[in-house]
Amino acid sequence: AWAAGAAVKAAAVRPVAEGGGPGEAAYLLLSLACGGGASAFLWLLRTRNGSKHGGGLVINRDQTCSVMINEEDHLRIQVLRTGFQLKKAWNTIDALDTALESSLNYAFSSQLGYLTACPTNVGTGIRVSVMVHLPALRVTREIQKVHQAAQKINLAVRGLYGEGSQAMGDFYQISNQVTLGKSETDLISEVNEVVSHIVGWE
């Protein structure tokens, strides 16, 4: 396996309470996520009748950091890192998230944490994902044991393109399924430990 060179993807999904429009959020995200010298791409989603829907994407020049506006949730911050660099990915997301939260009103409950459109993201709103290459475990048919063990500890093993996709080229995405009742650092440590064991089995 080349887990040391595998892509690491961490995502924090948090909603913005009603208030500022998507255009204002887009400009704020442009300045925060991409900086003055980065190129950014925005688009407006349109409904079938042609009216503006108000969604967008902000992405930095090297395509390692992106923020989606009004996708599944109001905001989805994604950071990609090559190698097994979960903490570095988290540090980038945390800094951007903190900057955004100082200017935007997130929907937050003192009991539940961050309130998201998708109930499975309620709590910290973080999805910690690691992409690994596991050809030996697939060939020896041990990959099913990985699936079963991961499910018992609330982790998901998905295909190359995430939820609902099949594994292609023996690439698997391993991520947390629960965001409620655990801190971000606990979730990152948990995924880090499990992936390290899986790489050892490979």
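A residue is called buried when its relative accessible area is under 20%. By this criterion Val 194, with a relative accessible area of 15%, is buried. The model is predicted, and this briefing covers two topics: the aromatic pairs, of which the structure holds 2, and the surroundings of Val 194, a residue of helix 5.

**Aromatic pairs**

- The structure holds 2 aromatic pairs.
- In one of them, the ring centres of Tyr 106 and Tyr 114 lie 5.8 Å apart with the planes at 80°, so this pair is edge-to-face.
- The rings of Phe 108 and Tyr 114 also form an edge-to-face pair, because their planes stand at 70° and their centres are 4.9 Å apart.
- The cut-off behind both assignments is a plane angle over 60 degrees.
- Tyr 106, Phe 108 and Tyr 114 together make up one aromatic cluster.

**Burial within the cluster**

- Both Tyr 106 and Tyr 114 are buried.
- The relative accessibility of Tyr 114 is 11%, which is why Tyr 114 counts as buried.

**Val 194 and its surroundings**

- Val 194 is located in helix 5, which spans residues 184–201.
- Leaving aside residues up to four places away in sequence, Val 194 touches Ile 153 and Leu 155.
- Val 146 is 48 residues from Val 194 in sequence, and the C-alpha to C-alpha distance between Val 194 and Val 146 is 9.9 Å.
- The relative accessible area of Val 194 is 15%, and Val 194 is therefore buried.

Methods: Residues numbered from 1 in each chain as written. Predicted model: local features only at pLDDT ≥ 70, side-chain atom pairs only at ≥ 80, totals over all residues. Heavy atoms only, no water. Phe/Tyr/Trp six-rings, centres within 6.5 Å; stacked < 30°, edge-to-face > 60°. Buried < 20%, exposed > 50% of the residue type's maximum accessible area, 1.4 Å probe, protein only. Helix = DSSP H or I, 4+ residues; strand = E, 2+ residues; numbered from the N terminus. Contact = heavy atoms within 4.5 Å.
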